[in-house]
Amino acid sequence: MDCNSNSYLYESDAETLFSVGRRFLNGDCVEKDVAKAKEILTKAAELGHPMASKLLERIKAEEPATEADDMTEWNKMRSGELYDWTNPVIDRSLKHSRLACERFNKLGIDHDGYREALEDLIPGVPKSVTILPPFHCDHGNGLHLGEGVFVNYNGMFLDAGNITIGSRTLIGPNCSLYTPQHPIDYMQRRKTNETALPIVIGEDCWLGGNVTVCPGVTIGNRTVIGAGSVVTHDIPSDCMAAGNPCKVIKHLD
């Protein structure tokens, strides 16, 4: 059958329709056309082809959400409300991030493809940002990094909620920024629900090695957080803070 013809729409042979639909999906005989592939495969499924329905399900699973209803749980996640982390939209984002982290972490900073892998992991990341692998995040699209941000080895940024880091801020090795928060009630924890509270770190800050920043924390501009600190509440600008829980030690000029 000629793939460039519309004659396939009038075929009653489910196997032929399935074959042509798969060609459009893979771009085997013409330019790849997912919409046309879905149209043909739907007709094949209606005619009872056993694999057409499964292929349509796979296509749907890989498609970005377009309907407002599909984004409900995602919007809850980003706005600090209780959300279901097994939602298909969220699950697709998590899967993309896991694969992107895997690719990124196979590269050193001096290897070809480092920058391309970083930009795939964190959309819109400035060219002046440097992150040393290994690095792990939940989504990547929840990370908002300013110019000149530097993240040392083994960063763990769980960005179910947004994580914003101001320009020229330095993040030491083994630092962890956590936005997800499980329910306190153990019966609620048995469910697939959680909240995520955003983290904001200002400009020109320095976080020493092994700092942990907890959900919902804001750290002001030009502040230094001592190594090993656990930041459980907001820290103001222009100060040095350290400890577990992290407390202001002195204010800086």
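In the predicted model, E119 is partly exposed, its relative accessible area being 28%. The residue belongs to helix α6. Beyond residues up to four places away in sequence, E119 touches V125 and K127. With K127, the side chain of E119 makes a polar contact of 2.6 Å. E119 and G140 are 21 residues apart along the chain, and their C-alpha atoms are separated by 9.5 Å.

Helix α6, which holds E119, also contributes to one of the aromatic pairs, of which the structure holds 2. In that pair, the ring centres of F104 and Y114 are 5.5 Å apart and the ring planes meet at 40°; the pair is therefore tilted, since only angles under 30 degrees count as stacked and those over 60 as edge-to-face. F104 is located in helix α5 (residues 88-105) and Y114 in helix α6 (residues 114-121), so that the pair ties together parts that are 10 residues apart in sequence. F104 has a relative accessibility of 0% and counts as buried. Y114 likewise counts as buried, at 5% relative accessibility.

The other aromatic pair is formed by F135 and F157, whose ring centres lie 5.1 Å apart with planes at 80°, so this pair is edge-to-face. Its members come from strands: F135 lies in β3 (residues 135-137) and F157 in β6 (residues 155-158), and the pair therefore ties together parts that are 22 residues apart in sequence. F135 is buried, at 0% relative accessibility, and the value for F157 is also 0%, so that F157 is buried as well.

The two strands that carry F135 and F157 are members of an open sheet of 5 strands, arranged in the order β3-β6-β9-β14-β17 with parallel pairing. The edges of this sheet are occupied by β3 and β17 (230-231); each has a single partner strand, so one side of each is left without a neighbour in the sheet. Strands β3 and β6 are paired in the parallel sense over 3 bridges. The bridge partner of F135 in β6 is G155. F135 thus has a ring partner in F157 and a bridge partner in G155.

A search of the whole structure for disulfides finds 0. C137 accordingly takes part in no disulfide, and the nearest cysteine sulfur, that of C101, is 4.0 Å away, whereas a disulfide requires sulfur atoms within 2.5 Å. C137 is buried, with a relative accessible area of 10%.

A further open sheet comprises 7 strands in the order β2-β5-β8-β13-β16-β18-β19, and its pairing is mixed. At the edges stand β2 (130-131) and β19 (247-251), each with a single partner strand, so that one side of each is left without a neighbour in the sheet. Within this order, β8 is followed by β13. Strand β8 (residues 170-171) runs parallel to strand β13 (residues 206-207), and 2 bridges join them. In this pairing, I171 stands opposite L207 of β13.

Definitions and conventions. Residues are numbered from 1 along each chain as its sequence is written. This is a predicted model: local features need pLDDT of at least 70, side-chain atom pairs count only at pLDDT 80 or more; totals for chains, interfaces and linings use all residues. Side-chain values use heavy atoms; hydrogens and water are left out. Rings of Phe, Tyr and Trp (its six-membered ring) pair if their centres lie within 6.5 Å; planes under 30 degrees apart count as stacked, over 60 as edge-to-face and the rest as tilted. Helices (H or I, at least four residues) and strands (E, at least two) are DSSP runs, numbered from the N terminus. Buried means under 20% relative accessible area, exposed over 50%, partly exposed in between (1.4 Å probe, protein chains only). Contact means heavy atoms within 4.5 Å. A polar contact is a pair of N or O atoms within 3.5 Å; within protein, one must be able to donate a hydrogen and the other to accept it, and residues adjacent in sequence count only if both atoms are side-chain atoms. Two strands pair if DSSP finds at least two bridges between them.
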